[in-house]
Amino acid sequence: MIEARSLTKRYGDKTAVSDLSFTVRPGVVTGFLGPNGAGKSTTMRMILGLDRPTSGSVTVNGKAYAEHSAPLHEVGALLEAKAIHTGRTAYNHLLALAATTGIERSRVDEVIDLVGLRDVAKKRAGGFSLGMGQRLGIASALLGDPDTLILDEPVNGLDPEGILWIRNLLKDLASEGRTVFVSSHLMSEMALTAEHLIVIGQGKLIADTSVAEFISRASTGSVKVRTPDAAKLRELLAGPDVTVSSSVEGTLQVQGLTSDRIGTIAAENRITLFELAPHEASLEEAFMELTGDAVEYRAPGQKSAGSAESAETVGSTEPAGSTKPAGGASDDPTTTDVEVNA
Amino acid sequence: MTAVAQAPAAPVRVHTGKVTQARVIKSEWIKFRTLRSSRWSLVAGVGAMIAIALLFSLAMKSHYPHMSAARQREVDPVADPMRGVFLGQLAIGVLGVMMITGEYTTGMIRASLAAAPKRLPVLWAKALVFTVVAWTVMTITAFVCFFLAQSIFSSIHLNKTLSDPGVLRAVFGEGLYLTVVGLLGVALGAIIRSTAGAIAALFGILLVLPVLGEVLNLTSWGDHVNPYLPSNAGQQIMALTTTSPDMKPWPGFLLFLGYAVVAMAAAAFLLKKRDA
């Protein structure tokens, strides 16, 4: 269990993490999502006591990380960059870490086999590929058999086989009742691995929700309908909460009705359908929509990915990227000006 | 909080291990002995010191009979072969700096501090491992150099023994001086955290300050400052004839040690305070 309360980190006048509160629970894989520079790594370093929060606090299993008498048994961590001396062999690296907590040599051999580094265990880490470095990092995270795992971008540099391996490993670890907290900027990877998501952008919490809910909240699904009687169907589908648009002759994009309902309406009115395809927003799209305005680095002229609306925190939305100040949530004229100019 | 109730219970794992100072020392010892660079620095230091001792004593032996009487009186059979200490301090100083900066440049420091998040035990362990290794190796080397040189000088009847006045202290002091040079390197490495910066600072203090100090000799300030500069004070312990009337061997060494202790205290303060 990881609990962050109003966690804030400023470097000079730049705020990396701002008033971030969340709880990571045991038993499920929790994904930590955000664009590059969103503050994921900073947050993880604060959990491990490597960076001191400017304000707020974070605890692991009820205590600040540094208060644990045997931190390697509480939390195993894989940090973004290879935190390994390049001149030392993988085996000796693990042996030195194990020694701090009195972990036996046999456990070092165990984790080396577990991550599949047996063949290169006696080679110096400086010659390791990125994927081998990640495996060694995962081995050091598992060394103390910890209840909580914190992994920063673990799939970086892994080949497809390695990605599959880590996906299953993380799920297994979570199913054993451990707390597994994994950061990534790869949404599709998180969709396959994580059950719960904590999404941040520019250091602020954007969402703390399940993966399924995240997708459904970010964008209402639409249904593509292809029919020779497009005009007739369009009339029949019309309703207060239904939007129907058409960009291609004979094809409708319907929002606000399920494909079941559309199919039934068509059948009742004896309208022929060539195609009836529900389209769920992918996690990737959901993420782009929600964090579109929180992306720190963007090529000049590139428009925000979020279309009309961007949710800032759970339950509250405000118009952003829209040139119309009519949303009501923003009555600050300067905000509107900036957006018009953008 | 139903989500918590539904989550599987955390597995029962019995861990008896705790992070202790002794275990962190063991870990630092493993780290030290498993790096080729630490061995090579020591080998370089030892090799340079022995080579210079041999070079000076052999050259002295062959030229001594042809020297003028005045020149012969200047020959110091203990101090001359000891000049390898100036090369030795380069190797041992770099080794001390690298004990810390090697971890910062590779990112290893984050793994080390995550394993021992109280942080200070890591610094103490590194300083202790370094002190024991450097002092042992450098003291043995100093005595090896001394005996090699004296066996060469014995053929021209110039040789001295450890029981001659000040000789034991000078030879023993060589190992002490070099150890403290390295400790100063450890502390500067922890303060500056970059290899190049810390090495520049260390040798700036040891080699450049005394040179700058000579400017002060033109004024009355020289006598008040120069004997107290770190390397000037520290090297008194290796001097057979006191070169400075204001600084005796042991007080000089203790002052040098004091500088290293102050630097180490600053390093400890910063290690605790700064983000890793």
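This report walks through a predicted model of two chains, A and B, taking each chain and then the side of B that touches A.

Residues are numbered from 1 along each chain as its sequence is written, while chains are lettered from A and ligands numbered from 1 in the order in which they are written. Since we're dealing with a prediction, local features need pLDDT of at least 70 and side-chain atom pairs count only at pLDDT 80 or more, whereas totals for chains, interfaces and linings use all residues.

Here's how the chains look in outline. Helices (H or I, at least four residues) and strands (E, at least two) are DSSP runs, numbered from the N terminus. A residue is buried if 20 or more other C-beta atoms lie within 10 Å of its own, exposed if 12 or fewer, and partly exposed in between, with C-beta atoms placed from the backbone. Two residues are in contact if those C-beta atoms lie within 7 Å.

| Chain | Secondary structure | Buried residues | Contacts joining residues 24 or more apart, among those 6 or more apart |
|---|---|---|---|
| A | 12 helices, 15 strands | 44% of 342 residues | 65% |
| B | 12 helices, zero strands | 43% of 276 residues | 77% |

**Chain A.** The mean pLDDT (the predictor's confidence in each residue, from 0 to 100) is 82 for chain A, and 82% of its residues reach 70 or more. Watch out for residues 303–342 of chain A, where the pLDDT is below 50; beyond near neighbours in sequence, this stretch has 50 contacts in the model. Where pLDDT is low, the predicted coordinates should not be read in detail.

Helix α1 of chain A (residues 40–47) has eight of its eight residues buried, so it is largely enclosed by the rest of the structure. Among those buried residues are Lys40(A), Arg45(A) and Ile47(A). Just after α1(A), Gly49(A) takes a positive phi of about 75°.

**Chain B.** From the N terminus on, chain B is helix after helix: α-α-α-α-α-α-α-α-α-α-α-α. Its C-alpha atoms fill a box of roughly 100 × 45 × 30 Å along the principal axes.

Now for a helix pair. α2(B) and α7(B) (residues 120–153) pack at an angle of about 55°, with axes 8 Å apart. Axes are lines fitted to C-alpha atoms, for helices over the stretch in contact, and angles run from 0 to 180 degrees between N-to-C directions. α2(B) and α7(B) are therefore oblique to each other (under 35 degrees is roughly parallel, over 145 roughly antiparallel, 65 to 115 roughly perpendicular and the rest oblique). On the α2(B) side the contact includes Val24(B), Trp29(B) and Phe32(B), and on the α7(B) side Trp124(B), Leu128(B) and Val133(B). Its residues divide into 11 nonpolar, one polar and two charged; Ala, Val, Leu, Ile, Met, Phe, Trp, Tyr, Cys and Pro count as nonpolar, Asp, Glu, Lys and Arg as charged, and the others, Gly among them, as polar.

Gly84(B) is in the loop between α4 (69–74) and α5 of chain B. With 24 C-beta neighbours inside 10 Å, Gly84(B) counts as buried. Leaving aside neighbours within four places in sequence, Gly84(B) is in contact with Ala48(B), Met49(B), Ile52(B), Ala53(B) and Cys145(B).

**Where the chains meet.** In all, 37 residues of chain B are in contact with 40 residues of chain A. The elements of chain B giving two or more residues to this side are α1 (2–6), α2 (21–33), α3 (36–63), α5 (85–106) and α6 (108–115). The residues on this side of chain B divide into 19 nonpolar, eight polar and 10 charged.
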